[in-house]
Amino acid sequence: QVQFVESGGGLVQPGGSLRLSCVASGTSRFIFSFWGMGWYRQAPGKQRELVADITSGYSTNYADSLKGRFTISRDDSKNTLYLQMNSLKPEDTAVYYCNIAPLGTMPNWGQGTQVTVSS
C-alpha cells in the first residue's frame with residue numbers, strides 16, 4: 001500500500017507563510033507521476049475538504065477561498081507534493097493531508113500536519 005507522509009506544518013502568525021511537503025512511498029505499484037494529487041484539510045468540527053489539486057499534467061485547481069494565496073506543486077522525481085501557503089489566515093487552521101485527487105482518495109491517509117494560524 002502507498003503511504004503518505006506529510007510535514008512542514010507549525011504555528012504561524014496571520015499573514016505568515018508555510019510550505020508543506022508530502023512524500024508518497026511504500027510500494028512500487030503506486031506510480032506517483034500517473035496520479036492527480038491533492039491537499040486536503042480538516043478543521044476542528046468540520047469535514048475534510050479538498051483545497052488544491054494538481055493533475056499528472058501539472059494543471060492546478062484551487063478552492064475559491066484560497067486562490068492567489070496557496071500554490072500546489074509536485075516533483076515526480078522525488079514522489080513529493082508541495083503546498084506553498086502565503087498570507088495565512090486564522091481560518092486556515094487545520095490538519096493538512098495529501099492523497100490522490102480529485103476523483104477519489106486512497107483509503108489509507110497519513111497522519112497529516114497541523115497548521116495553526118494565530119497571533
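# Exercises on an all-strand chain

Among contacts in the protein chain between residues at least 6 apart in sequence, 55% join residues at least 24 apart. The model is predicted, and the exercises below work through its strands, salt bridges and surface.

**Exercise 1. State which secondary structure elements the protein chain contains, and judge its overall dimensions against the rule for a compact globule.**

Solution.
- Step 1: The protein chain has ten strands and zero helices. In sequence order the pattern is β-β-β-β-β-β-β-β-β-β.
- Step 2: A compact globule with 119 residues would have a radius of gyration near 14 Å, and the 13 Å of the protein chain agrees with that.
- Step 3: Along the principal axes, the C-alpha atoms fill a box of roughly 45 × 25 × 25 Å.
- Step 4: Buried residues make up 43% of the 119. The accessible surface is about 6300 Å², and carbon and sulfur atoms account for 48% of this surface.

**Exercise 2. Trace the pairing from β4 through β5 to β6, and find the turn residues with positive phi.**

Solution.
- Step 1: β4 pairs with β5 (residues 49–54) in the antiparallel sense, over five bridges. One of the contacts to place is that of glycine 38, whose bridge partner in β5 is aspartate 53.
- Step 2: Six residues lie between β4 and β5, which form a hairpin. In this turn glycine 45 has a positive phi of about 75°.
- Step 3: β5 also runs antiparallel to β6 (residues 60–62), joined to that strand by three bridges. Here isoleucine 54 stands opposite threonine 60.
- Step 4: β5 and β6 form a hairpin as well, with five residues between them. The turn residue with a positive phi of about 75° is tyrosine 58.

**Exercise 3. Resolve the salt-bridge network of Arg41, Glu49, Arg69 and Asp92 into its pairs, and classify each residue as buried or partly exposed.**

Solution.
- Step 1: The structure holds four salt bridges. Arg41, Glu49, Arg69 and Asp92 are linked in a network of such bridges.
- Step 2: Arginine 41 meets glutamate 49 in a salt bridge of 3.0 Å, N to O. Because buried means under 20% relative accessible area, arginine 41 at 8% counts as buried, whereas glutamate 49 at 38% counts as partly exposed.
- Step 3: Arginine 41 also forms a salt bridge with aspartate 92, with the closest N and O atoms 3.0 Å apart. This pair links distant parts of the chain: arginine 41 is in strand β4 and aspartate 92 in the loop between β8 (80–85) and β9 (94–100), 51 residues apart.
- Step 4: Aspartate 92 is buried, with a relative accessible area of 0%. The side chain of aspartate 92 meets that of arginine 69 in a salt bridge of 2.7 Å, N to O. Arginine 69 is in the loop between β6 and β7 (70–75), 23 residues from aspartate 92.
- Step 5: Arginine 69 is buried at 11% relative accessible area.

**Exercise 4. Identify the residues of the nonpolar surface patch, then locate phenylalanine 34 and decide whether it is buried or exposed.**

Solution.
- Step 1: Ile31, Phe34 and Trp35 make a nonpolar surface patch of about 320 Å².
- Step 2: Phenylalanine 34 lies in the loop between β3 (18–25) and β4 (37–42).
- Step 3: The relative accessible area of phenylalanine 34 is 61%. The cut-off for exposed is over 50%, so phenylalanine 34 is exposed.

Notes. Residues numbered from 1 in each chain as written. Predicted model: local features only at pLDDT ≥ 70, side-chain atom pairs only at ≥ 80, totals over all residues. Heavy atoms only, no water. Patch = residues over 30% accessible without salt bridge, like charges linked within 9 Å, V, L, I, M, F, W, Y side chains within 5 Å. Areas by Shrake-Rupley, 256 points an atom, 1.4 Å probe, with all protein chains shown as cover. Helix = DSSP H or I, 4+ residues; strand = E, 2+ residues; numbered from the N terminus. Buried < 20%, exposed > 50% of the residue type's maximum accessible area, 1.4 Å probe, protein only. Rg over C-alpha atoms; globule rule 2.2 N^0.38 Å. Contact = heavy atoms within 4.5 Å. Pairing = 2+ DSSP bridges.
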